[in-house]
Protein chains: 2
Amino acid sequence: MTEIITIQQAVMEEDEKYARGVRRSMSEKKILMVNVIGSPGCGKTTLLEQTASKPGEGNSPGFTFAVIEGDLETSRDAERLAAAKIEAIQINTKGGCHLQAHVIEQGLFSLESRLGLDSLDVLFIENVGNLVCPAEFDLGEDFKVAVSSVPEGADKPLKYPMLFHQAKAVLLTKVDLLPHVEFDKELFLKDVKSLNPQSPVIELDLTSGAGIEDWISFLYARLEEKRAHAG
Amino acid sequence: MTEIITIQQAVMEEDEKYARGVRRSMSEKKILMVNVIGSPGCGKTTLLEQTASKPGEGNSPGFTFAVIEGDLETSRDAERLAAAKIEAIQINTKGGCHLQAHVIEQGLFSLESRLGLDSLDVLFIENVGNLVCPAEFDLGEDFKVAVSSVPEGADKPLKYPMLFHQAKAVLLTKVDLLPHVEFDKELFLKDVKSLNPQSPVIELDLTSGAGIEDWISFLYARLEEKRAHAG
C-alpha cells in the first residue's frame, strides 16, 4: 500500500508542476481562469451559453472568454458552444473522470495557436460532469465554482463537501423547477454556509436567463481584482 | 508510467478476487445483487424507498431486500431508508468516488451479523452518485443498473457510454418533469439502444410511483432466473 501511495503522490506532484505553470501563464496574461464543476446535466454548458448571450451592463461592462471543454466522449458540448459563437476546445478524457493540469496546458497551446490568448479576459474550464474527482485536482485555475441544480436535491453540499468547501461561488441552477420538485432551499443555503461561509450562492434560471447578471457581476469583480493585483 | 500501471493493475486484480468472493457467496445464498449507479440526485434512494412501498402482485409476488449504501460523507441516505423500514448498511468512502468489492465484503459481514443473509432475496448496492468511476468496478454484483433522470438531459448515454453499455436495465426517472424541461426522449432511447440493444428502458415517476411495478417485475424475473440457474 505504501508504495502505491508514494507513486500516486509522485503523479500528483508532477501534475502540480503543470498546474503552477498554467497559473503563472494565466497570471502573466491577466486572464481569469474559472474551473466549473457540477453533476452531469446540472447546466454547465447552458450556463456558458447564457454567459455569452448577456453583454455586461453598468458596473460590469462584459468580458471576452473561451472555454476548455472536458468530456469522457463526444464533442457535443463544444459543438453547442460553437453554435453560440463561443471559442471552445474539446478535450475527451476517454473514460477519465476529471481533467488534469497537463491536459489544460495542451488546451492552452491549442487556444493560443487558434485565436491567441491575449484577446481573452476569462477562460472557463468546463470539467467532466462529476461532483467528486474534479474537486481534488488543481488545474491552475483562479478558483473553482460549484454548480448544483434544484432537481438534484438540497442534500448535495454535505454529501459532496470537498467541492462546496472549496468553491468561490455556488451556482444553484434550474430554480424554475422549484414549484415542481421537493427542494429545501433553507437547508441548502445553511449547509453551504456551514462548509463555506464566504461563498455567495447565485440562483439561476437558465431557461429565462434570470440571475445571469449576478453571475456576470461576480466574475467581473474577480477579474478586476486579478487585474488590480497584477498591477 | 509502466510502474504505475502495473501497480494499479495489481490493486484491481486484488479487488477482483474480493468481487469473485462476493459473487460466490451471493450465488450460494441465491441472493440477487444489483449495483445501482447514477448521478447525484437522480433518484437512487427514492427508487429504493418506492421499491419497498409496493408489494408484488400477480406474476411478481415481491421479495425481501436490504441495501448497502455508499456515500462520500453523511449517513442521510441510510437514515432515509431506515425511516422506510429498509435494512441498510451505510458505507462512507471518505472522498472515494466509487465503492470497491472489499468494502462490499465488509458490508456483507455487517448485514450477516445484524439480520442474517438467508432471509434476503435481493441486495441492492446504492453506489456513490457518479456516472463515471462506479461503472469501472466489479463489486460481485449480478448486474449494474443505470439511473438517469429527465432534468439531466437526453445526451447522457453517449457522454457516459461505459455505464449505459453495461447496464442490464436503464431507469429513466423523474418523467413527471417532462412537461417542464427540454428532453428529447426519442434521442435518449435511440442512444441507449445503440450502446446496449438488449437493455430495457423503464420509465419512472418516483413522486407518484408510476412505473415502479415494471421495475419490480424486471427484478423478480431476474431473481427467478438466478434461482433456476442455481437449481
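Let's start with A:Phe183 and what it touches: A:Val150, A:Gly153, A:Ala154, A:Leu172, A:Leu178 and A:Phe188, leaving out residues up to four places away in sequence. Touching, or contact, means heavy atoms within 4.5 Å. A:Phe183 sits in the loop between strand 6 (169–173) and helix 7 (185–195) of chain A. Helices (H or I, at least four residues) and strands (E, at least two) are DSSP runs, numbered from the N terminus. So, is A:Phe183 buried or exposed? With a relative accessible area of 13%, A:Phe183 is buried. Buried means under 20% relative accessible area, exposed is over 50%, and partly exposed is in between, with a 1.4 Å probe and protein chains only. Compare A:Phe183 with A:Leu115: the two are 68 residues apart in sequence, and their C-alpha atoms are 43 Å apart in space.

Quick housekeeping. This is a predicted model, where local features need pLDDT of at least 70, side-chain atom pairs count only at pLDDT 80 or more, and totals for chains, interfaces and linings use all residues. Residues are numbered from 1 along each chain as its sequence is written, chains are lettered from A and ligands numbered from 1 in the order in which they are written, and side-chain values use heavy atoms, with hydrogens and water left out.

Okay, chain A as a whole. You'll find eight helices and seven strands in chain A. Its radius of gyration is 17 Å, close to the 17 Å that the globule rule gives for 231 residues, so chain A is as compact as a globular protein of that length. That radius is taken over C-alpha atoms, and the rule is 2.2 Å times the number of residues to the power 0.38. If you like box dimensions, the C-alpha trace of chain A spans about 50 × 45 × 35 Å along its principal axes. Of its 231 residues, 54% count as buried. Take the contacts in chain A between residues at least 6 apart in sequence: 74% of them join residues at least 24 apart.

On the surface side, chain A exposes about 9,900 Å², and carbon and sulfur atoms supply 51% of that. Those areas come from the Shrake-Rupley method with a 1.4 Å probe; for residues, only the protein chains shown count as cover. How many charged side chains does chain A have, positive and negative? There are 24 positive and 36 negative ones, and the centres of the two sets lie 2 Å apart. Lys and Arg count as positive, Asp and Glu as negative, while His and the chain ends are not counted. The place of a charge is NZ of Lys, CZ of Arg, CG of Asp or CD of Glu.

One surface residue in chain A: A:Gln198, in the loop between helix 7 and strand 7 (201–203). A:Gln198 counts as exposed, at 72% relative accessibility.

Now the rings. In chain A, ring pairs link A:Phe63, A:Phe65, A:Phe124, A:Phe143, A:Trp215 and A:Phe218 into a cluster. Rings of Phe, Tyr and Trp (its six-membered ring) pair if their centres lie within 6.5 Å; planes under 30 degrees apart are stacked, over 60 edge-to-face, and the rest tilted. Searching the whole structure gives 14 aromatic pairs over all chains. In chain B, B:Phe164 and B:Phe188 make an edge-to-face pair, 6.4 Å centre to centre with 90 degrees between the planes. That pair links distant parts of the chain, with B:Phe164 in helix 6 (residues 161–166) and B:Phe188 in helix 7 (residues 185–195), 24 residues apart. Both B:Phe164 and B:Phe188 are buried.

Staying in chain B, let's look at backbone angles. Most residues other than glycine have a negative phi. B:Lys30, though, has a positive phi near 55 degrees, and B:Lys174 has a positive one near 60 degrees. B:Lys30 is in the loop between helix 1 (2–28) and strand 1 (32–38), and is partly exposed at 32% relative accessible area. B:Lys174 is in the loop between strand 6 (169–173) and helix 7, and is buried at 14%.

Last stop, B:Leu120, in the loop between helix 4 (101–115) and strand 4 (122–126) of chain B. B:Leu120 counts as buried, at 4% relative accessibility. Which residues does B:Leu120 contact, leaving aside neighbours within four places in sequence? They are B:Ile31, B:Thr64, B:Phe65 and B:Ala66. B:Ile31 is 89 residues from B:Leu120 in sequence, yet their C-alpha atoms are 6.4 Å apart in space.
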